[in-house]
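Reader: I am new to reading structures. Please take me closely through one part of this one, the place where two helices meet, and then show me what lies around the ligand.

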Amino acid sequence: MPAPVTAVSAPYFRPAARAWRCAPPADVAAFHATLPGYAPTPLVELPRLAAELGVGRLFVKDESARLGLPAFKMLGASWGVERALRDEKRLVAATDGNHGRAVAAVARLRGLAATIFVPADIHPASIAAIRAEGAEVVTVDGIYDLAVERAAKEAAEPGSLLVQDTAWPGYEEIPRWIVEGYATLFTEVDAQLAAAGAAPAGLVGVPVGVGSLAQAAVAHYRGRAAGPDAPSLLSVEPESAACALASLHAGERVTLEPGRTIMHGLNCATLSTLAWPYLRDGLDAAVAIGDADTVRAARDLAALGVPAGPCGAAALAGARAVLGGDGNRVLLSPRHAGTVVLLSTESATANPSLG
Ligand SMILES: Cc1ncc(COP(=O)(O)O)c(C=O)c1O
């Protein structure tokens with residue numbers, strides 16, 4: 001792994017990304033529809049925020065209750081395990097909260113054991129939630145990236161399968177399937193916007209940790225129509241862990257010094273190797289926001305009926321930063337102000353750091 005670099009905070013824009021094309025993602029919606037309790041999550045229209053941001057219509061994709069858990073992660077964990085499972089008896093993963101809980105839940109559904117590695121600063125309620133799914137939880141003395149290293153070592157034991165939502169050289173197959181699993185979220189958004197009589201998304205705000213969800217967003221929106229009229233895809237990260245922003249500015253995947261934030265699911269120092277080329281070529285905007293910004297966004301979303309956790313509310317905080325900044329709008333898709341979609345990726349109960 002390269003030496004850590006200092007974080008940057010200047011926003012990033014690259015309009016040419018809207019003309020970039022990649023292969024379309026796998027069609028996984030039919031698989032998710034077979035899972036017990038599957039239903040599309042709500043796409044909530046919030047006219048007051050649309051007026052505040054000076055856009056036509058604004059929708060929040062509310063992932064506060066997805067397949068029985070309070071974050072979007074079951075989409076990826078269920079599909080990744082479905083594709084990967086052979087004779088394994090135990091699933092192993094690292095997490096800063098939501099992914100590990102999703103892997104533990106999939107293990108329980110399939111009658112498998114699970115061992116989940118967590119970083120030292122994880123909220124005790126997140127540990128309790130993972131244990132409640134029947135998994136063993138191991139706390140490592142360090143950040144998320146160290147928990148990933150420990151999980152990878154542990155999974156080398158026979159009968160164990162590593163189900164990680166980030167990729168590195170030599171470990172890319174399962175993360176690819178997990179990203180494929182996230183595609184259902186975007187398929188739902190398309191259908192829900194059409195049902196609401198709204199124009200297709202012109203600006204999509206995505207909270208970014210290791211970049212796998214943003215990779216799925218790029219695969220979805222750049223896998224089909226491309227060109228200057230394509231939607232703007234905005235990555236939003238904590239100021240203390242803006243590894244996508246730093247990598248985009250540097251033009252290469254960089255590792256940051258560990259930082260602290262209440263946005264636990266986004267507190268990642270290094271992007272997934274699989275995600276990086278998609279983010280580099282397909283994102284046309286990226287920003288970093290502070291904890292106070294997401295606390296305010298979560299409070300505003302809660303008042304409007306969306307129970308967003310700190311990672312989920314980050315999308316609104318990032319949209320505010322970009323749409324409010326001088327001269328930023330000319331760098332976005334000409335369609336950005338038509339329909340805005342903000343991914344609220346977890347519920348306030350998934351990460352109780354909001355207090
Ligand atoms: C609630 C929440 N939102 C967003 C993300 C970011 O996803 P990724 O790490 O794929 O960028 C995570 C990742 O753990 C998360 O838990």
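Author: Here is a walk through one helix pair, followed by the ligand and a second pair. Keep in mind that the model is predicted.

Start with helix α7, residues 173-195, and helix α8, residues 212-222. Their axes are 8 Å apart. The packing angle is about 55 degrees. Angles of 65 to 115 degrees would count as roughly perpendicular, and those under 35 as roughly parallel. α7 and α8 are therefore oblique to each other. The crossing of α7 past α8 is right-handed. Now look at who touches whom. α7 brings Val179, Tyr182, Phe186, Thr187, Val189 and Asp190. α8 answers with residues including Ser212, Leu213, Ala216 and Tyr221. By class, this contact has eight nonpolar residues, four polar and one charged.

Next, the ligand. It has 16 residues around it. Asn98, Gly209, Val210, Gly211 and Thr345 come nearest. Take three of them in turn. The side chain of Asn98 has an N or O atom 2.8 Å from an oxygen atom of the ligand. Val210 uses its backbone: an N or O atom there is 2.9 Å from a ligand oxygen atom. Thr345 places a polar side-chain atom 2.6 Å from a nitrogen atom of the ligand.

Finally, turn to helix α11, residues 291-303, and helix α12, residues 310-324. Their axes come within 7 Å and cross at roughly 100 degrees. α11 and α12 are therefore roughly perpendicular to each other. In this contact, eight residues are nonpolar, one is polar and four are charged.

Conventions: Residues numbered from 1 in each chain as written. Predicted model: local features only at pLDDT ≥ 70, side-chain atom pairs only at ≥ 80, totals over all residues. Heavy atoms only, no water. Axes fitted to C-alpha atoms, helices over the stretch in contact; angles between N-to-C directions. Helix = DSSP H or I, 4+ residues; strand = E, 2+ residues; numbered from the N terminus. Parallel < 35°, antiparallel > 145°, perpendicular 65-115°, else oblique. Left-handed = near helix turned anticlockwise from the far one by under 90°. Contact = heavy atoms within 4.5 Å. Nonpolar A, V, L, I, M, F, W, Y, C, P; charged D, E, K, R; others polar. Near = heavy atom within 4 Å. Polar contact = N/O pair within 3.5 Å; in protein donor to acceptor, adjacent residues only side chain to side chain.
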